[in-house]
Amino acid sequence: MKRDTIIIHCSATREGQDVSAADIRRWHLDRGFWDIGYHFVICIDGTIETGRDIQMDGAHCMGWNQRSIGVCYVGGLDAQGNPSDTRTPQQKESLRTLVAALRLVYPSVTQVIGHRDTSPDLDGNGIIIPNEYVKACPCFDVKTEF
């Protein structure tokens with residue numbers, strides 16, 4: 001198993017809505033998954049919870065699951081339900097820490113991207129731009145932070 005990518009996601013829940021890996025696991029099971037699709041979940045307070053066994057392929061980004069590690073932060077929608085970077089300072093710090101640790105354990109990781117960065121490049125210019133996003137997830141520009 002060669003992991004070359006970490007893909008960051010959001011849970012698409014409203015700002016301040018407290019959700020755990022157990023909640024997301026239940027949602028995924030209800031959708032017919034055999035387990036939670038993400039390998040890690042970062043809660044609002046910055047707690048990093050484990051999801052799917054890291055040795056197993058994820059179920060978080062079609063076409064990328066075999067080569068990637070899926071990390072989901074809780075949030076991604078503002079109070080009105082619009083895409084927004086709702087990460088708390090604790091989540092930002094935990095995300096930085098987790099990505100750094102994963103890069104040490106998996107030196108084959110060459111990129112950290114957001115789910116939206118896996119959208120098709122519709123105009124073929126080599127850059128995925130906002131009007132090409134299939135989803136807004138994770139609602140911030142991962143490439144500028146990692």
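**Exercise 1. In what order do the 5 strands of the open sheet lie, and is the pairing mixed or uniform?**

Solution. This is a predicted model, and the steps below read the arrangement from its coordinates. Begin with the order, which runs β4-β3-β5-β1-β7, with mixed pairing in an open sheet. Next, turn to the edges, where β4 (48-50) and β7 each pair on one side only. From one strand to the next, the twist averages 25°.

Now take the pairs in turn. Strand β3, residues 40-42, is antiparallel to β4, with 3 bridges between them, and within this pair Phe40 has Thr50 of β4 as its bridge partner. Strands β1 and β5, by contrast, pair in the parallel sense over 6 bridges, and here His9 is matched with Cys72 in β5. On to the other neighbour of β1 in the stated order: β1 and β7 also run parallel and are joined by 4 bridges, with Ile8 standing opposite Gly114 of β7.

**Exercise 2. Determine how many residues of β1 are buried, and on which sides they lie.**

Solution. Count the residues before assigning them to faces: 6 of the 6 residues of β1 are buried, so that the strand is mostly covered. As a guide to the next step, side chains in a regular strand alternate between the two faces of the sheet. In β1, Thr5, Ile7 and His9 are buried on one side, while Ile6, Ile8 and Cys10 are buried on the other, and both faces are thus covered.

**Exercise 3. Describe how helices α1 and α2 are placed against the sheet, and explain why the buried residues of α1 lie on the same side.**

Solution. First locate the helices. Helix α1, residues 21-30, lies across β3, β4 and β5 (68-73), and runs at about 40° to β4. Helix α2, residues 89-105, packs on the sheet by touching β1, β3, β4, β5 and β7, and its direction makes about 155° with that of β3.

Then examine burial in α1, where the buried residues are Ala21, Ile24 and His28. Because they cover an arc of only 65° around the axis, they are on the same side of α1. These buried residues pack against β3, β4 and β5. After α1 comes Gly32, which has a positive phi near 100°.

**Exercise 4. Find where the backbone departs from the usual values, and state whether Ala12 and Cys139 are buried or partly exposed.**

Solution. The point of reference is that most residues other than glycine have a negative phi, and that most peptide bonds are trans. Ala12, which is not a glycine, has a positive phi of about 55°, and is found in the loop between β1 (5-10) and β2 (13-14). Because its relative accessibility is 47%, Ala12 counts as partly exposed.

Cys139 also has a positive phi, near 75°, and is found in the loop between β7 and α3. Its relative accessibility is 14%, and Cys139 therefore counts as buried, the cut-off being under 20%. In the loop between β7 (111-114) and α3 (142-145) is also Pro138, which is joined to Cys137 by a cis peptide bond with omega of about 15°.

**Exercise 5. Which rings have an arginine placed over them, and at what distance from the ring centre?**

Solution. Arg52 lies over the face of Trp34, at 4.3 Å from the ring centre. The charged end of Arg87 sits over the ring of Phe140, 3.5 Å from its centre. As for ring-to-ring arrangements, the structure holds 1 aromatic pair.

How values were computed: Residues numbered from 1 in each chain as written. Predicted model: local features only at pLDDT ≥ 70, side-chain atom pairs only at ≥ 80, totals over all residues. Heavy atoms only, no water. Helix = DSSP H or I, 4+ residues; strand = E, 2+ residues; numbered from the N terminus. Buried < 20%, exposed > 50% of the residue type's maximum accessible area, 1.4 Å probe, protein only. Pairing = 2+ DSSP bridges. Axes fitted to C-alpha atoms, helices over the stretch in contact; angles between N-to-C directions. Contact = heavy atoms within 4.5 Å. Phe/Tyr/Trp six-rings, centres within 6.5 Å; stacked < 30°, edge-to-face > 60°. Lys NZ or Arg CZ within 6 Å of the ring centre and 35° of its normal. Arc of directions from axis to C-beta.
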